[in-house]
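Please look through the sequence and the model below, and follow the paragraphs that come after them with the structure open.

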Amino acid sequence: RSAIKWGWCPATGTTPGLSNQPTYMTWTNSPDDENSWSTPTELVEPVELGSAMDASFSPIIESDGSLKALWRTWVDCPTPQTKCSVIHTATATDWRNSGTYEYSQHNIFGGDKYELPQGVQDPFLWKDEDGVYHALFTYMIKDADKAEHFNSISHAYSRNFTGEAWTMTGTVFENKMPFSDGTSYTFPTCERPRLALEGTTIVALSMGCKSGG
């Protein structure tokens with residue numbers, strides 16, 4: 001049994017209100033032993049890659065020990081908005097060796113396509129039993145014409161991780177939560193979607209949601 005943690009430093013970056021701190025990786029074969037974790041290794045330094053925000057790094061480890069990941073940059077938009085969240089791919093031949101990591105800055109959706117005004121964020125990457133890559137995202141900001149999309153969850157997929165534009169299928173979860181008694185509650189925001197998987201079978205969806213105003 002092994003465990004891997006990915007994360008970034010506290011939001012003490014140079015951009016007011018944003019975390020532009022690095023992403024680190026630490027791992028262990030004995031996750032219950034706090035002294036067994038490896039020394040954190042820096043993987044992504046957003047500032048060095050031209051980004052003003054954390055990378056939202058989301059990896060999977062292949063059976064041969066290689067790695068594939070999605071990450072994002074926060075860069076100038078080609079449209080009138082100030083900044084856009086742009087999703088990219090990353091690969092490594094050995095997930096333990098940061099020297100083998102390579103970061104593409106190609107927009108996975110192709111060209112200047114950003115999905116709603118300022119793109120998507122918080123990728124969660126997985127691979128299904130047919131070898132197709134999938135990802136969940138949250139929309140970056142509210143679309144004035146589609147208020148229900150604000151922080152709803154969207155889905156995209158690709159049959160060739162780095163070789164073709166990803167296909168966005170659209171919204172798969174809105175932040176209006178139905179309950180078994182017939183009532184519902186609309187959360188102001190929901191972010192960081194994550195799936196619980198048994199092999200390649202989806203068991204549950206989790207995310208962080210804010211209640212109240």
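Asp 122, in this predicted model, has a relative accessible area of 0% and is therefore buried, since the cut-off for that class is under 20%. The residue belongs to strand E8, which covers residues 120–127, and its backbone carries a positive phi of about 55° although Asp 122 is not a glycine. Most residues other than glycine have a negative phi.

What does the side chain of Asp 122 meet in a salt bridge? The partner is Arg 192, with a distance of 3.2 Å from N to O. This pair links distant parts of the chain, because Asp 122 sits in strand E8 whereas Arg 192 sits in strand E14 (residues 189–198), and the two are 70 residues apart. The two ends of the bridge are placed in different exposure classes, since Asp 122 counts as buried at 0% relative accessibility, while Arg 192 is partly exposed with a relative accessible area of 26%.

A positive phi also appears at Ser 56, where the value is near 50° in a residue other than glycine. Ser 56 lies in the loop between strand E3 (41–44) and strand E4 (58–61), and with 2% relative accessibility it counts as buried. Where this loop residue stands with respect to strand E8 can be seen from Gln 121, which lies in that strand: Gln 121 and Ser 56 are 65 residues apart in sequence, yet their C-alpha atoms are 7.3 Å apart in space. Gln 121 is itself buried, having a relative accessible area of 7%.

Further along, Glu 62 takes part in two pairings of opposite charge, one of them with Lys 68, where the side chains meet in a salt bridge of 3.1 Å from N to O, and the other with Lys 127, where the closest N and O atoms are 3.1 Å apart. The pair of Glu 62 and Lys 127 links distant parts of the chain, with Glu 62 in the loop between E4 and strand E5 (67–76), Lys 127 in strand E8, and their positions 65 residues apart. Glu 62, Lys 68 and Lys 127 are thus linked in a network of salt bridges. Within this network, Glu 62 is buried at a relative accessible area of 14% and Lys 68 is buried as well, whereas Lys 127 is partly exposed at 30%. Side chains of opposite charge can pair when their charged atoms come close. The count of salt bridges comes to three.

Lys 127 leads on to the largest pocket, whose volume is about 180 Å³. The residues that line this pocket are Pro 59, Ile 60, Phe 124, Leu 125, Trp 126, Lys 127, Leu 197 and Gly 199. The elements that give two or more residues to the lining are E4 and E8, and E8 gives the most, with four residues. By class, the lining holds six nonpolar residues, one polar residue and one charged residue.

These local features belong to a chain that has zero helices and 15 strands. Of its 213 residues, 42% are buried, and the chain exposes about 11,100 Å², of which carbon and sulfur atoms supply 48%. Among contacts with a separation of 6 or more, 43% are accounted for by residues 24 or more positions apart.

Note on methods:
Residues numbered from 1 in each chain as written. Predicted model: local features only at pLDDT ≥ 70, side-chain atom pairs only at ≥ 80, totals over all residues. Heavy atoms only, no water. Buried < 20%, exposed > 50% of the residue type's maximum accessible area, 1.4 Å probe, protein only. Contact = heavy atoms within 4.5 Å. Areas by Shrake-Rupley, 256 points an atom, 1.4 Å probe, with all protein chains shown as cover. 1 Å grid on protein atoms, 1.4 Å probe; cavity = no way out; pocket = protein on both sides within 12 Å on 5 of 7 lines; lining within 4 Å. Points joined across faces, edges and corners; volume = space filled by probe spheres on them. Nonpolar A, V, L, I, M, F, W, Y, C, P; charged D, E, K, R; others polar. Salt bridge = Lys/Arg side-chain N within 4 Å of Asp/Glu carboxyl O.
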